[in-house]
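Open the model in your viewer and keep the selection box handy. We will go through it stop by stop, from the whole chain down to single side chains.

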Amino acid sequence: MCVPKDSAPKLAQTDQWIKSFDFDGFTADMKKLGDELEKNQGDADVRHLQKMVMWSNMCGLVGMLTMGLGVSIIPVVALSTFTFTRWTMIAHHTCHGGYDKCHPNKSRWNRFKFAVGGTWKRMCDWFDWMMPEAWNVEHNNRHHYCLSEIEDPDLVENNLVDLRNLPVPTIFKWMVLPILVTTWKWFYYAPNTYKELKLAKWRKQGKKIPDGVVPSDAVTVRSLIFGGTPFYSFTEFFSVVIGPYLLIHFFLFPMPLLAIGEYMGTGHDMYISAVKNLFLAELLTNFHGFVAIVTNHAGDDMYRFREGCRPYSGSFYLRQVLASVDFWTGSDINDFMHGYLNYQIEHHMWPSLSMLSYKRSQPLVKALCAKHGVPYVQENVFWRTKKTIDIMTGSASMRWFPEEYEKKFLARDAVVELEKKNKKTTLLSDKAMEAVQE
């Protein structure tokens, strides 16, 4: 579907590509590629996952064996990388269902099994500040299917509106960034993902949201302490979400070093060193996560949208490209250090594929975008960090997708959906007629 020239609204220079955009052709190409990628998943994807799990576990093992030997960069980097990759690669893609169909161990490597069902499962599969069940709702559902809409809980421009609008020079806003980027997982992400879980339950129960409460507003530890939220109390949040991780990961996990220290005659020194290394690793993994995660959908070249769209429709595929960015791609070590989030465009187009499928698909998606004239952004992760910070501080703003075209594409999606339903009804009618004739 190309919009007739006489009815085409005026476009900004950066949006001129939309004039000649073949909406239907782009949609068909992306649907076909996605079907092929899913069909071709198999043993190679499982072996690749096992390789990444081994690399991640090796980092954890190095960190565990060295964290009691004094504060140093080795345990800090190793523990930080383990925490980062366990989330971004292993939990992330497993909880999306990337290995549901191809992994032989359905009792663990399945979106409905991995890390959910209590603290023990959480400890064995993915132990972090966020509650896995809450993250599954916030990220897998709300973020992925509301990307860059106001209902997207990870929309940086909306979540940092207070900082953006703060009437102070930009240099002062930059001064708070070190605190934000090294604490964001427990300060913002854990409480906000839990809010989305509780909100989903409220909606399912038909429970009314209190007047004055804006569901899309982020819940943070600060807002919990000073204002509260109707969705849960701070006591509940601490005891269910962050308390178990704080107590077990930072204090109980290194406790064997107390006995080892007594045996070796070093007293509590090994335990204290381990605790210090764990906290330093926490700061580093927050920074690592911020650089690789928060930057995926922010920048003055990323688009925002006004209305929701049907999953896996033409508008859906287009939005995943226009509101996402890829980083450098290529070798396993490069992808490992990016947490396989450097394939963000491909991941958002087909969330339930494996890491290896994204590696395979990246050059194909880039080529299809070039064919259809769709902007495909791929840049260095540190340059994207700068662009994200500009959004956070209000130095830059994201683009709004032209409203007239947004409506036209959504209308086209509705027509295509209706045609599919009519075709399905016709096929069922034909089958019923054949059965009567027999």
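The stops below say what to select and what is there.

**The whole chain**

Start with everything shown as a cartoon, and keep in mind that this is a predicted model. The chain has 18 helices and 2 strands. Its C-alpha atoms fill a box of roughly 85 × 65 × 45 Å along the principal axes. A compact globule with 438 residues would have a radius of gyration near 22 Å, and the 24 Å of the chain agrees with that. Now switch on the surface: the accessible area comes to about 20,500 Å², of which 63% belongs to carbon and sulfur atoms. Buried residues make up 52% of the chain. Take contacts between residues at least 6 apart in sequence, and 72% of them join residues at least 24 apart.

**Helix H8**

Next, select residues 170-205, which form helix H8. If straight, a helix of 36 residues would span 52 Å, but H8 spans only 44 Å between its end C-alpha atoms. Where should you look for the kink in H8? Centre the view on Thr183: the kink there is about 80°. Then move to the residue that follows H8, Gly206, which has a positive phi near 75°.

**A ring pair from H3 to H8**

Keep H8 in view and add residues 73-95, helix H3. Show the side chains of Trp87 in H3 and Tyr189 in H8, a pair that links parts of the chain 102 residues apart. Their ring centres are 5.8 Å apart and their planes meet at 40°, so this pair is tilted. Are these two residues buried or exposed? Trp87 is buried, with a relative accessible area of 3%, and Tyr189 is buried at 3% too.

**More aromatic rings**

Now select Tyr312 and Phe316. With centres 4.9 Å apart and planes at 55°, their rings also form a tilted pair. Tyr312 is partly exposed at 28% relative accessibility, whereas Phe316 is buried at 1%. Across the whole structure, a search finds 35 aromatic pairs. For a group of rings, select Trp17, Phe21, Phe23, Phe26, Tyr303, Phe305, Phe401, Tyr405 and Phe409, which ring pairs link into a cluster.

**Asp390**

For the last stop, select residues 381-393, helix H17, and find Asp390 in it. Asp390 is buried, with a relative accessible area of 15%. Which residues does Asp390 touch, leaving aside those up to four places away in sequence? Show Arg164, Ser395 and Ala396 to see these contacts.

Note on methods: Residues are numbered from 1 along each chain as its sequence is written. This is a predicted model: local features need pLDDT of at least 70, side-chain atom pairs count only at pLDDT 80 or more; totals for chains, interfaces and linings use all residues. Side-chain values use heavy atoms; hydrogens and water are left out. Helices (H or I, at least four residues) and strands (E, at least two) are DSSP runs, numbered from the N terminus. The expected span of a helix is 1.5 Å times one less than its number of residues. The bend at a residue is the angle between axes fitted to the seven residues ending there and the seven starting there. Rings of Phe, Tyr and Trp (its six-membered ring) pair if their centres lie within 6.5 Å; planes under 30 degrees apart count as stacked, over 60 as edge-to-face and the rest as tilted. Buried means under 20% relative accessible area, exposed over 50%, partly exposed in between (1.4 Å probe, protein chains only). Contact means heavy atoms within 4.5 Å. The radius of gyration is taken over C-alpha atoms; the globule rule is 2.2 Å times the number of residues to the power 0.38. Accessible areas come from the Shrake-Rupley method with a 1.4 Å probe; for residues, only the protein chains shown count as cover.
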